[in-house]
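Hello,

Here is the structure I promised to pass on to you. Have a look at it first, and then read on for my notes on what turned up in it.

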Amino acid sequence: MSRPILTAAAMRRAEAAAPVGLDLLMERAGQSLAEAALRFAGPMPALVLCGPGNNGGDGYVAARHLAKLGLDVRVATLAEPATDLARAAREQWTGRVEALATAEPAPLLIDCLFGTGLKRGLEASLASRFKALAASASLLVAADLPSGVEADSGALLSDVPAADLTLAFGALKPAHRLMPAMARMGRLVLADIGIAADSQWHEIGAPVLPAIAADAHKYSRGLVHALAGTMPGAIALSAGAAARSGAGYVRVSTSKPIAALPLAVVQTGDAKLSDPRIGCLLVGPGMGDLPQLLTLALTSHAPKVIDADAIRHVGEPARLKGQDAILTPHAGEFSALFGELPGTKAEQALAAAEASGAVIVFKGADTLVAAPDGRLGFAPPAPAWLATAGTGDVLAGIIAALRARGMPAFEAACAGVWLHGRAAERAGPTMTADDLLAHL
Ligand SMILES: NC(=O)C1=CN([C@@H]2O[C@H](COP(=O)(O)OP(=O)(O)OC[C@H]3O[C@@H](n4cnc5c(N)ncnc54)[C@H](OP(=O)(O)O)[C@@H]3O)[C@@H](O)[C@H]2O)[C@@H](O)CC1
Ligand SMILES: Nc1ncnc2c1ncn2[C@@H]1O[C@H](COP(=O)(O)OP(=O)(O)O)[C@@H](O)[C@H]1O
Ligand SMILES: [K+]
């Protein structure tokens with residue numbers, strides 16, 4: 001299941017096109033917030049912080065429902081409602097409204113200060129008051145987004161206390177899956193408020209992999225051909241990962257024998273790139289300063305994964321036009337090839353895909369997969385212990401195998417990223433890149 005991801009503007013369009021009124025959407029958002037907070041925190045005294053916009057409106061609705069559910073709930077605000085919807089919600093809250101500057105803390109703090117409408121950081125006094133109330137609470141629940149997070153970029157516009165639970169309304173926003181905001185969400189839950197969220201952007205879900213045909217043979221399952229360079233360890237990780245990710249045959253061209261390669265991986269002194277059985281070429285892991293390997297790879301018509309040092313040697317993104325390529329840059333390799341692109345990480349990934357005609361796997365703690373046709377996949381959170389040398393080589397090998405098995409480039413890249421993250425979860429915090437292979 002891939003969940004759609006909508007920018008703030010796309011969310012407003014989806015809300016406007018909903019078959020029910022905005023007041024009903026707010027009612028559903030507020031009610032689901034109350035129910036989720038109660039289920040998450042249990043019946044503890046709550047303080048709901050309401051901002052001036054519709055995020056604040058959700059807060060007044062949630063407070064009404066929490067009171068109805070029997071909770072001891074108070075409301076504090078920094079300003080009177082500024083929208084008709086929020087005003088109507090405020091009018092239906094029959095309890096007192098305290099000033100946020102002087103409100104006493106409560107064990108359950110519900111943050112309805114700002115959501116997708118935040119344009120600038122919270123004023124310093126508000127940010128520090130919010131932080132103090134959060135520090136005094138046992139649990140912090142955020143409505144739609146933690147306040148201070150910019151919905152489209154994932155930037156923190158001011159200091160944002162980390163929530164324990166974030167309830168996203170209607171659809172995920174880019175910030176739910178982009179750093180640094182992603183790390184402030186706590187547990188992320190999506191509330192269905194009845195809008196049809198349709199988008200070319202989505203969260204990468206569990207993949208459906210091609211089944212192994214009953215009459216399969218090693219070539220029909222997919223041949224990955226990797227080009228070894230100066231660092232044999234990296235190509236051993238990639239080739240091992242490809243062999244464990246369902247390729248029927250993994251072959252490495254190398255000028256000298258590589259002792260670290262699994263026995264199942266065939267070593268050859270000869271490149272043989274015209275072999276029509278090659279399902280995917282892999283170039284880059286352990287390549288070192290051998291740009292001729294990339295030049296050689298680009299003469300082949302086979303689909304290819306271009307990783308690591310090979311990315312730096314591409315030179316011009318347009319050189320890849322017409323190639324059936326997947327690129328897997330981390331941030332340094334990305335800017336080396338594409339320069340400093342404007343916009344959010346999502347916009348940068350899409351611009352890079354368009355400039356190169358390749359599928360771009362823009363790696364990091366918030367990995368994105370962008371296709372030249374505008375599709376964009378956001379990886380679900382993966383363990384930070386993936387930040388260890390060699391895990392990128394493993395990812396390149398997984399993707400090459402899936403591509404060789406016949407998955408289209410974008411789907412293979414998304415599936416590879418998802419499997420890589422789950423393998424790391426299974427491998428646990430002490431893992432090395434080598435250990436990851438056993439968990440694929
Ligand atoms: N639309 C719908 O149907 C539904 C929407 N829903 C909910 O609405 C949320 C979006 O609501 P929204 O668009 O009203 O924006 P919101 O995040 O409340 O903030 C905007 C307000 O804050 C102000 N402001 C901004 N930054 C500020 C700052 N630093 N410091 C101080 N003020 C600041 C800004 O003022 P201005 O910038 O105009 O001066 C404006 O008054 C969304 O996240 C979801 O929770 C759900 O109920 C489902 C139905
Ligand atoms: N903090 C993190 N959280 C989750 N995943 C991470 C984190 N840091 C790195 N990763 C993942 O680990 C891999 C590292 O790849 P890369 O930077 O190419 O390393 P190497 O070149 O050493 O193999 C990428 O898949 C990246 O998305
Ligand atoms: K909020």
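Let me begin with helix α2 (residues 22-41) and helix α4 (residues 84-91), whose axes come within 10 Å and cross at roughly 55°. Please keep in mind throughout that this is a predicted model. At that angle, α2 and α4 are oblique to each other, and their crossing is right-handed. On the α2 side of the contact you will find Leu22, Asp23, Met26 and Gly30, and they meet Leu85, Ala88 and Ala89 in α4. Sorted by class, the residues of this contact are 5 nonpolar, 1 polar and 1 charged.

Helix α2 also lies across strands of a sheet, namely β1 (46-50), β4 (108-112), β5 (139-143), β6 and β7, and it runs at about 160° to β6. That sheet is an open one of 7 strands with parallel pairing, in the order β3-β2-β1-β4-β5-β6-β7. Which strands stand at its edges? They are β3 (97-99) and β7 (187-191); each has a single partner strand, so one side of each is left without a neighbour in the sheet. From one strand to the next, the twist averages 25°.

If you would like to look at one pairing in this sheet, try β6 (residues 165-169) with β7: the two pair in the parallel sense over 5 bridges. There, Phe169 stands opposite Ala191 in β7.

Two loops that link strands of this sheet each hold a backbone detail to look at. In the loop between β6 and β7 lies Pro180, and a cis peptide bond joins Met179 to this proline, with omega at about 0°. The loop between β5 and β6 is the place of Asp144. Although Asp144 is not a glycine, its phi is positive, at about 70°.

Now for the ligands. Ligand 1 is surrounded by 29 residues, and the closest are Gly53, Asn54, Asn55, Gly115 and Gly117. Which helix gives the largest share of this shell? It is α3, with 5 residues. Both α2 and α3 (54-68) supply at least two residues each to the shell around ligand 1, so you meet α2 here once more. By class, the shell has 12 nonpolar, 11 polar and 6 charged residues.Around ligand 2 there are 17 residues, of which His330, Ala365, Leu386, Ala387 and Gly392 come nearest. Helix α11 provides the largest share of this shell, with 4 residues. The shell around ligand 2 divides into 8 nonpolar, 7 polar and 2 charged residues.

Helix α11 (residues 391-404) has a helix partner as well: its axis and that of helix α12 (residues 409-427) come within 8 Å and cross at roughly 135°. The angle makes α11 and α12 oblique to each other, and α11 passes α12 in a right-handed crossing. In α11, the residues of the contact are Val394, Leu395, Ile398, Ile399, Leu402 and Arg403; they meet Ala409, Ala412, Ala413, Ala415, Gly416, Leu419 and His420 in α12. How do the residues of this contact divide by class? They comprise 10 nonpolar, 2 polar and 1 charged.

From α12 you can go straight to another sheet, as this helix lies across β14, β15, β16 and β17, running at about 15° to β15. These strands belong to an open sheet of 10 strands with mixed pairing, in the order β8-β17-β16-β15-β14-β13-β12-β9-β10-β11. At the edges stand β8 (201-203) and β11 (266-268), each with a single partner strand, so one side of each is left without a neighbour in the sheet. The twist here averages 20° from one strand to the next.

Within this sheet, β14 (residues 325-328) and β15 (residues 359-362) pair in the parallel sense over 2 bridges. The bridge partner of Leu327 in β15 is Ile360. Helix α10 (residues 345-356) packs on the sheet too, touching β14, β15, β16 (368-370) and β17 (376-378), and its direction makes about 35° with that of β16.

Enjoy exploring the model!

Best wishes

Terms used. Residues are numbered from 1 along each chain as its sequence is written. Chains are lettered from A and ligands numbered from 1 in the order in which they are written. This is a predicted model: local features need pLDDT of at least 70, side-chain atom pairs count only at pLDDT 80 or more; totals for chains, interfaces and linings use all residues. Axes are lines fitted to C-alpha atoms, for helices over the stretch in contact, and angles run from 0 to 180 degrees between N-to-C directions. Angles under 35 degrees count as roughly parallel, over 145 as roughly antiparallel, 65 to 115 as roughly perpendicular and the rest as oblique. A crossing is left-handed if the near helix is turned anticlockwise from the far one by less than a right angle, and right-handed if clockwise. Two residues are in contact if their C-beta atoms, placed from the backbone, lie within 7 Å. Ala, Val, Leu, Ile, Met, Phe, Trp, Tyr, Cys and Pro count as nonpolar, Asp, Glu, Lys and Arg as charged, and the others, Gly among them, as polar. A residue is near a molecule or strand if its C-beta atom, placed from the backbone, lies within 6 Å of it. Two strands pair if DSSP finds at least two bridges between them.
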